Amino acid sequence: MSAQPPPPPPGYLRVNLQGNRMLTMITPSVQVNGYPVPAQFGPNVVPMPPGVHTVSAHAQWMWRYGQASQQVQLAPGQTVDVFYAAPVLTFMGGAMGFTKQKVPGLLPFVLLLAALLVVAIGLPVVAILAS
């Protein structure tokens, strides 16, 4: 009877959830190969067998939003970083990649807030000047 070779050492998937609970308020959900993985903001290390894996993430409030996914090739003993950023606006997709991601929808959100601020301050000023 021949001895079976030992299994290869695991690889490590480091899923970095960008943002924080103070700003985002909703911790995104992470799945690897379709299975949920416990995650919190910051780095989350998941030991995985070597091979190709699919990492996906989304946020859930009243509906699911910010979906993004990335395929990852893991070698034995290798650590691969994946970064996920949830969008600011709930009707947009998220961003996922191997480097730190820009927050989707941040510019439109800031422009919307600036427009609301101009209206909120401008209308009373125009009313005062008109009287």
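Here is a short chat about the predicted model shown above.

Reader: Let's start simple: how many helices and strands does the chain have?
Author: Starting at the N terminus, the order of elements is β-α-β-β-β-β-β-β-β-α. Counted up, the secondary structure comes to 2 helices and 8 strands.

Reader: What radius of gyration does the chain have, next to that of a compact globule of 131 residues?
Author: Along its principal axes, the C-alpha trace spans about 100 × 25 × 20 Å. A compact globule of 131 residues would sit near 14 Å. The radius of gyration of this chain, though, is 22 Å.

Reader: And what share of the residues is buried?
Author: On the outside, the chain exposes about 8,700 Å², with carbon and sulfur atoms supplying 68% of that. As for burial, the cut-off is under 20% relative accessible area. Of the 131 residues, the share that counts as buried is 34%.

Reader: Which residues touch the most other members of the largest nonpolar core?
Author: That core has 19 residues. The elements giving two or more residues to this core are β1 (11-17), β2 (29-32), β4 (42-48), β5 (51-60), β6 (64-74) and β7 (79-85). The residues that touch the most other members are L13, V30, V55, V72, Y84 and M96.

Reader: Take V55 from that group: which residues is V55 in contact with, leaving aside neighbours within four places in sequence?
Author: V55 is one of the core residues that touch the most other members. Contact here means heavy atoms within 4.5 Å. With the neighbours left aside, the partners of V55 are L13, V15, V30, Q31, A68, S69, Q70, V72 and M96.

Reader: How do β5 and β6 run, parallel or antiparallel?
Author: A hairpin through 3 residues connects β5 to β6. One pairing to look for is T54, whose bridge partner in β6 is Q71. In total 9 bridges join these two strands, and they run antiparallel.

Reader: Does a residue in β6 have to be tucked away, or what does Q73 count as, buried or exposed?
Author: Q73 lies in strand β6, and its contacts beyond four places in sequence are G51, V52, Q78 and V80. From Q73 to T54 it is 19 residues in sequence and 8.9 Å in space, C-alpha to C-alpha. Because its relative accessibility is 51%, and the cut-off is over 50%, Q73 counts as exposed.

Reader: Now for N16: why does N16 count as buried?
Author: N16 has its place in strand β1. Leaving aside neighbours within four places in sequence, N16 is in contact with G42, P43, D81, V82, F83 and Y84. Buried means under 20% relative accessible area, so N16 counts as buried because its relative accessibility is 11%.

Reader: Which side chain does the side chain of N16 make a polar contact with?
Author: D81 is among the residues in contact with N16. The polar contact is 3.2 Å, and it links the side chain of N16 to the side chain of D81.

Reader: Which strand does β7 run parallel to?
Author: On one pairing, 3 bridges join β7 to β8 (residues 95-97), and those two run antiparallel; there, A85 stands opposite A95. On another, L17 stands opposite Y84 in β7. That other pairing has 6 bridges and is parallel, and the partner of β7 in it is β1.

Reader: Last one: how many of the 7 residues of β7 are buried?
Author: Y84 stands opposite L17 in this strand, and Y84 is also one of the core residues that touch the most other members. The strand is largely enclosed by the rest of the structure, because its count of buried residues is 5 of 7.

Notes
Residues are numbered from 1 along each chain as its sequence is written. This is a predicted model: local features need pLDDT of at least 70, side-chain atom pairs count only at pLDDT 80 or more; totals for chains, interfaces and linings use all residues. Side-chain values use heavy atoms; hydrogens and water are left out. Helices (H or I, at least four residues) and strands (E, at least two) are DSSP runs, numbered from the N terminus. The radius of gyration is taken over C-alpha atoms; the globule rule is 2.2 Å times the number of residues to the power 0.38. Buried means under 20% relative accessible area, exposed over 50%, partly exposed in between (1.4 Å probe, protein chains only). Accessible areas come from the Shrake-Rupley method with a 1.4 Å probe; for residues, only the protein chains shown count as cover. A nonpolar core is a set of buried Ala, Val, Leu, Ile, Met, Phe, Trp, Tyr and Cys residues joined through side-chain atoms within 4.5 Å. A polar contact is a pair of N or O atoms within 3.5 Å; within protein, one must be able to donate a hydrogen and the other to accept it, and residues adjacent in sequence count only if both atoms are side-chain atoms. Two strands pair if DSSP finds at least two bridges between them.
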